[in-house]
Amino acid sequence: MTRLAPALALVAATLGGPAAAQLPGDLSNLAPQLWTDPNGCQHWFMDDGVEGYLSPRLNRDGTPVCPGVTAASYPRAQDNLPSYTITAALWTDRLGCQHWVADRGIAGFLSARLDSEGRPVCPGKQSQTITLDADALFDTDKSDLRPEAIAQLNEFGQKMQRLGKSRVRIEGHTDSRGTETYNQALSERRAASVAAYLEQNFNITADTRGFGENSPVATNDTAAGRQANRRVDITLLD
């Protein structure tokens, strides 16, 4: 795959094209795949033929994964900007996260905007997302809910009912101890565990994602930072 024109038809809408009224919907149920751009950098992408999402794959230190790319061959390899010669615009998705957008009508590029530490820039996300401390929900290296977690999830489920909400996205996160593969699997199991409880007890439809150690909110060099990174984010969708 060398371009994502079908996948990024939504870009025209974000830049005021004929379909400007069409906003991207939720893409949680799409399986992410890897695509390597002409510069040798890897990206996660999802596409259902109408809507698409493209985000750079990052190393554990937050830098782009660009096998074989050097500063000499691609001086801007560490920049989180499209390599097109047209102007990039900022677009904010329904969760409040920002993305760089570039579109020439045939080929488009959509990439998550990152801060200096490689984390997504989501200034509007906090108003729609609650964060639960994973240490309060699970024992170490486990994904079964602790008895103490039930009260927290019951409170959340009851709040959802009062608000008339019925759909959420649940994201699991870990610290960087252990292998990246192990942390990814653990984060997925924990997200699924929370989702199963809310679905069974409050009839809430939950889309789940596991990010492992790849979306930290604090440093993993301290105990306090690692604890902050061990979390479950729940975002209200509708």
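Of the 238 residues in the protein chain, 43% are buried (under 20% relative accessible area with a 1.4 Å probe, protein chains only). This is a predicted model, in which local features need pLDDT of at least 70, side-chain atom pairs count only at pLDDT 80 or more, and totals for chains, interfaces and linings use all residues. Residues are numbered from 1 along each chain as its sequence is written, and side-chain values use heavy atoms, with hydrogens and water left out.

Begin with the whole chain, coloured by secondary structure: five helices and 10 strands are present (DSSP runs of H or I, at least four residues, and of E, at least two, numbered from the N terminus).

Next, colour by pLDDT, the predictor's confidence in each residue, from 0 to 100. The chain averages 74, and 63% of the residues score at least 70. Select residues 1-28, where the pLDDT is below 50, and then residues 80-85, where the pLDDT is also below 50. Where pLDDT is low, the predicted coordinates should not be read in detail.

Now select helix α4, where confidence is highest, at a mean of 95. This helix covers residues 180-202, and its end C-alpha atoms lie 33 Å apart, in agreement with the 33 Å expected for 23 residues at 1.5 Å a residue (1.5 Å times one less than the number of residues).

Within α4, display the buried side chains, among them Asn-183, Leu-186, Arg-190, Tyr-197 and Phe-202. Then add what covers the buried residues of α4, including α3 (147-163), β8 (167-173) and β9 (205-210).

Finally, select Asn-203, which follows α4 and has a positive phi, near 55°.

How values were computed
Buried means under 20% relative accessible area, exposed over 50%, partly exposed in between (1.4 Å probe, protein chains only). Contact means heavy atoms within 4.5 Å.
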